[in-house]
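This report covers a predicted two-chain complex, with attention to confidence, the interface and selected elements.

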Amino acid sequence: MKLHDIAHARTGDKGDISNISVIAYDPAHWPLIRDMVTAERVAAHFETFDARDISRYEIPQLQALNFVIRGALAGGVTRSLALDAHGKCLASVLLEMQVCSSK
Amino acid sequence: MSILRLGAGAGFQGDRIAPAVDLAERGKLDYLIFECLGERTIALAQQARSADPTKGYDPLLERRMRAVLPACVRNGTRIVTNMGAANPRAAAEKTRAVARELGLTGLKVAAVTGDDVVDKVGDFVLDETGKPASELGDRLVSANAYIGIDGLVAALEAGADVVICGRASDPSLFLAPLVHEFGWARDDWTRLGRGILVGHLLECAAQITGGYFADPGLKDVPDLANVGHPLAEVDSDGNAVITKLEGTGGRVSRATCIEQMLYEIHDPARYLQPDVVADFLKVNFEEIGPDRVAVTGGTGTKATGLLKVSVGYRDGWFGEGQISYAGANCVARGNLAISLVRERLAQTSGAIIEHRGELIGVNSVWPYTHQTANTAEVRMRYAARCHDAISAQAIGEEVEGLYLAGPAGGGGVTKSIREVLAIGSTLMPAYNVATTFEMKGSSHEAA
């Protein structure tokens, strides 16, 4: 299944850094999300980021993860050529991640 | 005062005004707070001020003040805002003029200044360029420190009804009234951290009441069209309930609060602020009633003594063109259009710094997509950053040229250029930045 089925997410930006949260709808899915949504898998999912540029924070009582991705925004909102220069859509891209290949 | 009621009037420069009026009229607020400055807004405002010394503040300031001042005066609600942007004194003057026009005499309006550090930033190295700001030469437009609560609290203690600043850290706009009203010590890191948490939750206005949240079928938001702005009921220890006015649309839930708490904070245990390092790592949210969420567990540690400084500088010209293709084979025709523009630009222009072509509807948001869904239409977009305006103009012109000399069935060309105003950042010791305020009543004419 897709991460979108069990989690919601929000993107913010500061300069050239993207901040993406991932939050379980149901606390029962927290262990799966915690174990499957690693910095390495996030980097692989986006294809262009290096896991070394990703910091990952766990907030277990909220069943939430927070990802900070440096160099993610082509120079940042003020000079990026991207249509979505803030990277507001990146959380939705991340929710496309497959988290359980058996289903 | 046992419970302080803070409302969010705006979460960005272009925010909707009607929810702020509703809060002013029905919110029984102690403070109505407008956060209106994005990272680049103040650099744009500095350019406006350079062109006209009476400008450089938020273009919606007059409309917002006209809309909320009558109710705020009637209800004893004070206003704190960063709508001063690059010119807080002119913003205060305009606010006094609006008050006079509305017949509101005796309104005390304060302008807080000191965030402008363009004269001090030269030796500081920018994170983005790795070089001192002075090397930008005449490309340097602005430099503003994210100030904390000092000037804001001083203005409130002097009795200001409206406090207008430029660049301040967004949550500081909310922390200042809490410190002023509750008398929190400036080294009470726990309460300061909680005040920052309240401010951070409210500073984006509707983003905690159901805006930037709806995902139909999964995250539904009732009556989003009439979404209300949030308010917080804060006690003297800094614990709070986040809610919104009865009868407004949207929703306040554990989920909306978690999304907003993590928004743009980076390390949840170290949210760097001018007056405290806020720690949200142990925060919890509990739904205690309809659209009522209790917030607990915030704390903080000693401030770093360093202030973030945003530096605005001119960085070339941006040019763009777009054209639509529809029906069978539209993706292939869009891709052909991209390659034609790229080839023609390579023959004519050497002034392009970086460029990209993409198909909106296929890969404009995320170029690495592997989805190849059949699509009814695509919009080809070509964008470039160039050394000069003429080269930037050529981007849209080559897209327009596709009408007669491109793939079949291209329509609806748009093109634009603008100067690129980039933002860099650096850190400056807080002792280099002195804030102050000046206050006048609305009964005084402009000097």
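Chain A averages a pLDDT (the predictor's confidence in each residue, from 0 to 100) of 92, and 97% of its residues score at least 70. For chain B the mean is 95, with 98% of residues at 70 or more. The complex as a whole receives an ipTM of 0.96 and a pTM of 0.95 from the predictor. Among the elements of chain A, helix H2 (residues 39–46) has the lowest mean pLDDT, 94, and S3(A) the highest, 98. Helices (H or I, at least four residues) and strands (E, at least two) are DSSP runs, numbered from the N terminus.

Because this is a predicted model, local features need pLDDT of at least 70 and side-chain atom pairs count only at pLDDT 80 or more, whereas totals for chains, interfaces and linings use all residues. Residues are numbered from 1 along each chain as its sequence is written, while chains are lettered from A and ligands numbered from 1 in the order in which they are written.

Chain A contains an open sheet of four strands in the order S1-S2-S4-S3, with antiparallel pairing. Strands S1 and S3 of chain A form the edges, each having a single partner strand, so one side of each lacks a neighbour in the sheet. From one strand to the next the twist averages 15 degrees. Two strands count as paired if DSSP finds at least two bridges between them; S1(A) and S2(A) are joined in the antiparallel sense over eight bridges. One of the bridge partners is Val22(A) in S2(A), opposite Ala9(A).

The contact between the chains takes 27 residues from chain A and 34 residues from chain B, where contact requires C-beta atoms, placed from the backbone, to lie within 7 Å. The chain A elements that give two or more residues to this side are listed below.

| Strand of chain A | Residues |
|---|---|
| S1 | 7–14 |
| S2 | 17–24 |
| S3 | 54–59 |
| S4 | 64–70 |

The largest share, five residues, comes from S1(A). By class, the side of chain A that touches chain B has eleven nonpolar, ten polar and six charged residues. Here Ala, Val, Leu, Ile, Met, Phe, Trp, Tyr, Cys and Pro count as nonpolar, Asp, Glu, Lys and Arg as charged, and the others, Gly among them, as polar.

From chain B, H8(B) lies across S1, S2 and S4 of chain A, running at about 155 degrees to S2(A). Axes are lines fitted to C-alpha atoms, for helices over the stretch in contact, and angles run from 0 to 180 degrees between N-to-C directions. Helix H8 (residues 254–261) of chain B has seven of its eight residues buried, meaning that 20 or more other C-beta atoms lie within 10 Å of a residue's own (exposed: 12 or fewer; partly exposed: in between; C-beta atoms placed from the backbone). The loop between H8 and strand S9 (271–272) of chain B holds His266(B), which has a positive phi of about 60 degrees although it is not a glycine. His266(B) counts as partly exposed, with 19 C-beta neighbours inside 10 Å.

Elsewhere in chain B, five of the six residues of strand S5 (residues 140–145) are buried, so S5(B) is largely enclosed by the rest of the structure. S5(B) pairs with strand S14 (residues 306–326) of chain B in the antiparallel sense over five bridges.
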